[in-house]
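Here are a few short exercises to work through with the structure open beside you. Try each task before you read its solution.

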Amino acid sequence: MPKHTLIAYVEDVPGVLNRVASLFRRRNFNIDSLTVGRTEQAGVSRLTVVVDATDAGARIVEANLYKLVNVLRVDDLTHKPALNRELGLVKVKVTAATRSQVLEFVDMFRARVVDVDEESLVIEVTGTPEKIGKFEMVLRPYGILELVRTGSVSMARGHDKLSANPPLVRAEVAASAADDHSHAGVSMSV
Amino acid sequence: MKLTGAEIIWECLIREGVDVVFGYPGGAILPTYDAMTKYPQIHHVLTRHEQGATHMADGYARASGKVGVAIATSGPGATNMVTGIATAMMDSSPIVCITGQVGSRALGTDAFQETDVTGVTLPVTKHNYLVTKTADIARVIREAFYIAKSGRPGPVLVDITKDAQQLTAEFDWEAAAPKLPGYRPNLRALPTEYERALELINSAKRPVILAGQGIKLSGATAQVLELADTARIPIAVTLLGLGVVPASSPFNLGMMGMHGEAWVNQAIQQADLLIALGMRFDDRVTGNLKTYAPHAKKIHVEIDPSEVNKNVHVDVPLIGDLREVLEELLPKVRTSDRGEWWAKIAEMKGDSAVRDIQALPDNGHLYAAHVINDLWRATKDRDTIVVTDVGQHQMWEAQYYRHEKPRSLITSGGLGTMGFALPAAIGAKFACPEKDVWVVVGDGGFQMTSCELATAEQEGIKVNVAIINNAFLGMVRQWQEFFYEKRYAATPMTGPDFVKLAEAYRLNGLRCDKRAEVNSTVKAVLADKRTTVVDFVVEQEDAVFPMVPAGADLDAMIRRPKREILAESGADKEWQMPNGESAAVSELTLTGGPSKAASVPAAKRKPAPSLKKKSAETSKKSSRPVVAKATKAGKRR
Ligand SMILES: Cc1ncc(C[n+]2csc(CCOP(=O)(O)OP(=O)(O)O)c2C)c(N)n1
């Protein structure tokens, strides 16, 4: 299933994250990652949601997000020039023999060592989710003790802000949404 | 002006134009109930269950178009509301539910009668609020009403802590105007979409309008009829759309979908254009999605963008208020006669009509369809609202009661909530005291909320209850009959003596088990001032036809049997599905078969024992003996 990156601006009110998460569960969409944080505007939080969906499915997600009263704006960055970044912290086993090899990888990935111990290092790495995935892969043979990733945050490139009136509000709905989101057949309940 | 939170609640309700609320008190909402005594302008109806309160608010909303209000206490009071809220959500009915919550300092401690009601109702409300500060109450209630009634209507719940009700704050209605920066109820369709829609409408050869309740919600009946008239387009209606165009309109084909008329579904399947107006392609109207209206382009006029392309691929979405959209379209719709298409429809219709049970003369058996049809005849010249429950009777009502006006049928379409009818009817009566309100309900669903008879009695209002009593959970029994080889697991159901039950509530109770007496019974009901319950003792094993079996193509219906032939010969050759899969269905026991007409009062009938064991034993041999046994067990005569 392809992934889609949606940005949602939401009012910073209690329960808003719960509403968003509940909507995804209710509509049977799988959240790949979901991050939330403040924005330049007081009272407005910004969500980056990566969701397993086709283009058409993403339209449906968007339309449903708009139904939430606390959602101010939704944008789909999937097909736009955008920056996707994630932070990872990796605690990896090292020995006298492997330490320098691991440090080489830290260099290559432009990561940083943020904690040192006789038998382990904690490394901070930022970048695209793919890059962090690669980093994890190369370190795995040394023994990863602990790994945490924040999930993706995304921003469109260039000068423009997100459109104030994204497409869905003007009622453009992708052609084949129904095809890949339809629940086959008819429900069997009385 | 400094007021307590409880007083602010009532002040707000008054300003929102509320004159009746339905509720049930308890500790966490007690401050609000206490303050109520200062506000005699609002009538409070004490229900017998919080579910009843929500259905009443819903019935009130559906009958009046205004927002219905229900009040309950925290914890169990609030959770009892969930079914009613979900019902309103699925049918886009505007209600506001106000619940008490434990004190704000006790929140999250599992205090006595604490439930996270905003959490519980999150998926079944359009929006909800937890209010912990008195100063927020007025704004939140204003927002709740605004959200409930605007855009696509729906239920909003406001949970208010006990201390927020008790403490005081400045009350300033004007300053409490809604602040909803993200809420966009008034979307507008794109000009290019209008152009594409017009092109499709003007060039279609076999168009069909699909009329849903959005037409009623936006008050667009006249515009829809004008569209049909100008372009000679037939109209098929959804269950919730019944009444949005008059049944007698020559353009109105009738109901579509699972229990719609065969010719209506055929017309949809053969259409080259569907103009969906305020309906959402529910699985009960589409049948198998893969084969649904395969030749048709689809225009979808809908206020809620998340409905567009949800189930069915749409060629042209027109998002916005239906009436506005139609007013924009109408001047540019070309006149056309579409004679060929109408001729085709007439042909399909003629084929179906002979199968109608109405063609069956009175053979001494009381059929539910006859009861409904006679009820319609007896009440059609009065201003009548029919409120149905869920089950076979609901579908017979939809088929045989001819609704001429919007809001003359109230039924739980989306959630299919048994127990809805009686309380919703009480709510409808409060909305329209000048109208006759009839409840058409099964013996099963009636027993879910029959306690609300006491509410009707205490309030001194008159609703008329027609129990279609087949001593079965009829619709489930029908599915068992068709699809589970007649293993009637847990569907034979006894009831109390409904006449005595009504009398126990100091109401009027009648029984009718002969077709010849339906009319006089209805007259007797109308003549009585009290709420009246009629126990219509009907054929036990009747089935609703036509029927699209779950998963089948929309026009692959199990057709009506030709009953007059069947009644005489007992033959069952006529039972077949159009695709030839007739095996299971051809075994159906036929109504009008050899069983004797009901003549014994329900009270004297034998109770139906549990069938579990018997079914399991007998079903091994063949399905027929099970039927015989089950029938006997279920029989009351
Ligand atoms: C609350 C609830 N529980 C269960 C069902 C499933 N159900 C649908 S129709 C039906 C049978 C209804 O029987 P009855 O009320 O006697 O009406 P009839 O079908 O016989 O007209 C049932 C159990 C439901 N719709 N709602």
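**Exercise 1. Trace chain A and describe its make-up.**

Solution. Start by walking along the sequence: chain A runs β-α-β-β-α-β-β-α-β-β-α-β-β-α. Tally the elements and you get 5 helices and 9 strands. Next, look at burial: of the 190 residues in chain A, 45% are buried. Then check the contacts between residues at least 6 apart in sequence; 74% of them join residues at least 24 apart. Finish with the surface, where about 10000 Å² is accessible and carbon and sulfur atoms hold 52% of that.

**Exercise 2. Decide how far to trust chain B.**

Solution. Keep in mind that this is a predicted model. Its overall scores are ipTM 0.85 and pTM 0.90. For chain B the mean pLDDT is 89, with 88% of residues at 70 or more. Now find the weak stretch: residues 568-637 of chain B have pLDDT below 50, yet the model gives this stretch 125 contacts beyond near neighbours in sequence. Local features need pLDDT of at least 70, so treat those residues with care when you go hunting for details.

**Exercise 3. Find the largest nonpolar core and look around one of its hubs.**

Solution. The largest core has 106 residues, and B:Leu210, B:Ile268, B:Ile299, B:Leu318 and B:Phe536 have the most contacts inside it. Helix H16 of chain B (residues 368-379) gives the largest share, 7 residues. Now zoom in on B:Ile299: leaving out neighbours within four places in sequence, its contacts include B:Ala197, B:Leu200, B:Leu273, B:Val316 and B:Leu318. Don't stop there, though: a second, separate core has 48 residues, among them B:Ile95, B:Cys97, B:Ile426 and B:Phe498.

**Exercise 4. Classify the ring pair B:Phe446 and B:Phe498, and say what it joins**.

Solution. First, the geometry: the centres are 5.6 Å apart and the planes make an angle of 70 degrees. Planes over 60 degrees apart count as edge-to-face, and that is the label for B:Phe446 and B:Phe498. Both rings belong to buried residues. Last, place them: B:Phe446 is in helix H19 (residues 443-449) and B:Phe498 in helix H22 (residues 498-504), both of chain B, so the pair ties together parts 52 residues apart in sequence.

**Exercise 5. Look for other aromatic features.**

Solution. Over all chains there are 12 aromatic pairs. Ring pairs also link B:Trp479, B:Phe482, B:Phe483 and B:Phe545 into a cluster. Then turn to charges over rings: B:Arg142 lies over the face of B:Trp173, 4.1 Å from the ring centre. Likewise, the charged end of B:Arg477 sits over the ring of B:Phe472, at 5.4 Å from its centre.

Terms used
Residues are numbered from 1 along each chain as its sequence is written. Chains are lettered from A and ligands numbered from 1 in the order in which they are written. This is a predicted model: local features need pLDDT of at least 70, side-chain atom pairs count only at pLDDT 80 or more; totals for chains, interfaces and linings use all residues. Side-chain values use heavy atoms; hydrogens and water are left out. pLDDT is the predictor's confidence in each residue, from 0 to 100. A nonpolar core is a set of buried Ala, Val, Leu, Ile, Met, Phe, Trp, Tyr and Cys residues joined through side-chain atoms within 4.5 Å. Buried means under 20% relative accessible area, exposed over 50%, partly exposed in between (1.4 Å probe, protein chains only). Helices (H or I, at least four residues) and strands (E, at least two) are DSSP runs, numbered from the N terminus. Contact means heavy atoms within 4.5 Å. Accessible areas come from the Shrake-Rupley method with a 1.4 Å probe; for residues, only the protein chains shown count as cover. Rings of Phe, Tyr and Trp (its six-membered ring) pair if their centres lie within 6.5 Å; planes under 30 degrees apart count as stacked, over 60 as edge-to-face and the rest as tilted. A charge sits over a ring if NZ of Lys or CZ of Arg is within 6 Å of the ring centre and within 35 degrees of the ring normal.
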